[in-house]
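Me: Please take one part of this structure and go through it closely, in connected prose that I can follow with the model open beside me. I would like the strand pairing, the burial and the packing around that part, and then whatever else helps to place it.

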Amino acid sequence: MDGFIKVAAAVLTLTMLSACAVIPFQKEAEVKEQEDDEVYEVKMRDDYTDLAKKMFYDLTFMCKQLEGRQYGLYDCISKKEFYALQQAVADKLNDLSEVDYYFELRRIIASIGVAHTTLNLNYTGTYPFQMLPYSLRYYHDGWILNGIDDEYADYLGAEIVALNGVEMADVKAKAKELISYENESWLNEQMPSLLVNADALVNMGILEDNKALTLTVKKDDEVSEITLHSETGPLLVGRLETVQLPKAATYRQPKFYTGFMLADQTYYVQYNSCEEISNYSMSQFASDVEKTMNEQHCKKLILDLRYNTGGNSLVIEPLLMMINRYRQDNDLKLITLIAEQTYSSGIMNAVQLKYNYDSVLIGTPTGGNVNGYGETDQFYLNYFPYFVIYCQEYFEMVPGYELDSLYPDINVEVNYKDLMQGIDRCVEIALQE
């Protein structure tokens, strides 16, 4: 493993915009040869309604477009399986509502196994789905109820054990068929938005058509049931009572980036989005960080990327250049915090820090992958208000890296009970390093 890291680091020690940066290697246009060169066709039924005919057209249009545009379409699913999924949908179009149809198309997109390749809404007017008035989040000690109408506020913070009697492990098995993901971390991040959609739960076979949901929750060793009724239109999350975490300085902050002295000779930077603050450039921020670090004779810098889901990967360059300058005259231990929300350009920066700056990674596996599909574009369907985001290329930031995520050097699980006590385990471990 040490040899691999040295080779990877050597390969990646290239320069971009006069600063050290990971350079993604683009695979050549020809993907591995398709073993299955058979011609498949999706058959149309003779008794289609007018609506079903439109559905059939957009179904086959979408899949043909993906065949011509999506890089590595058949890397995770065979051509035969992909056409079988299409035919299964085509056979039941007469029985599908427009909402049902949306989720069937989503299931096909999810089968490709590429996180950035997704089916999206382009609707105007009435929101098409019925939503349920609750919110949830995954922690390593369970699925936690973190938002609900005020009449059930006493249950906030309870562990969600089941939805309509379906245990959460089985719910997850059903949900993954509708979610574009490449690893468990991103699946867990995407599930909450799906599980509050009543129509999605009907499609998954968890809800009946009346779309009333029974939550089985466990709090203080007591198991209770809550019945929630769906509502038409987007749920305004702001109306829900939500869990209020302690205001710990290293919990997620609202700014794109912020920094402060965390402990003696230890500076902490939280970098939440690869975007610049309009009136406070990254160059100015990096200069301010450098000034404080010099004044305080810092020997450790903690860069927190746990909440960074992407943007422009080059925004961080002034901060990286500052680190290079500081290291010329000072010993500096660099630590990077990562988690499930570290994704897209956020993970590119994490890879830079690990392989080019010898940073220690602490936290949990990232939602994004080290090597993966990117360079997105989109196309629109003809009859229905949906558009598909797809990937045109495959990039290798670390040639030969075959894991499904960027894994930390030190794994630190995030527990809800710790957070409610204001305990940030990742930061605690980072301070000990």
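Reply:
**Strand β15 and its surroundings**

In strand β15, V269 stands opposite G259. The structure is a predicted model, in which local features need pLDDT of at least 70 and side-chain atom pairs count only at pLDDT 80 or more, while totals for chains, interfaces and linings use all residues. Residues are numbered from 1 along each chain as its sequence is written, and side-chain values use heavy atoms, with hydrogens and water left out. Helices (H or I, at least four residues) and strands (E, at least two) are DSSP runs numbered from the N terminus, and two strands are said to pair if DSSP finds at least two bridges between them.

The wider setting of β15 is an open sheet of six strands with mixed pairing, ordered β14-β15-β16-β17-β18-β21. Its edge strands, β14 (257–263) and β21 (410–411), each pair on one side only. β14 and β15 (residues 266–271) run antiparallel and are joined by six bridges, and among the individual partnerships T258 is matched with Q270 of β15.

Two helices pack on this sheet, where contact means heavy atoms within 4.5 Å. Helix α9 (residues 317–329) touches β15, β16 (300–304) and β17 (333–338), and its direction makes about 165° with that of β16. Helix α12 (residues 425–432) touches β14, β15, β16, β17, β18 (360–363) and β21, with a direction about 160° from that of β16. For these angles, axes are lines fitted to C-alpha atoms, for helices over the stretch in contact, and the values run from 0 to 180 degrees between N-to-C directions.

Returning to the strand itself, β14 and β15 form a hairpin with two residues between them, and Q265 in the turn has a positive phi of about 60°. To β16, in turn, β15 is joined by five bridges, and these two strands run parallel; here Y267 has L301 of β16 as its bridge partner.

How many of the residues of β15 are buried? Six of its six residues are buried, and the strand is accordingly described as mostly covered; buried means under 20% relative accessible area, exposed means over 50%, and partly exposed lies in between, with a 1.4 Å probe and protein chains only. Both faces are involved, with T266, Y268 and Q270 buried on one side and Y267, V269 and Y271 buried on the other.

A second hairpin, made by β8 and β9, can be read in the same terms. Strand β8 (residues 159–163) pairs with β9 (residues 166–167) in the antiparallel sense over two bridges, and L163 stands opposite V166 in β9. This hairpin has two residues between its strands, and N164 takes a positive phi near 50°. β8 is also joined by four bridges to strand β10 (residues 212–219), with the two running antiparallel, and I160 has V217 of β10 as its bridge partner.

The hairpin of β8 and β9 brings in helix α5 (residues 168–175), in which M168, V171, K172 and A175 are buried. These residues lie on the same side of α5 because they cover an arc of only 100° around the axis, the arc being that of the directions from the helix axis to the C-beta atoms. The buried residues of α5 pack against β8 and β9, and also against β6 (134–139), β7 (142–148) and α6 (184–195).

For another covered element, consider helix α10 (residues 345–355), which has 10 of its 11 residues buried. Among the buried residues of α10 are I347, V351, L353 and Y355, and the list also includes N349, Q352 and K354.

A final point concerns the cysteines. A disulfide is a covalent bond between the sulfur atoms of two cysteines; in the search it is a pair of cysteine sulfur atoms within 2.5 Å. The search of the whole structure finds zero disulfides. For C76, the closest cysteine sulfur belongs to C391 and is 11 Å away, which is too far for a bond. C298 counts as buried because its relative accessibility is 2%.
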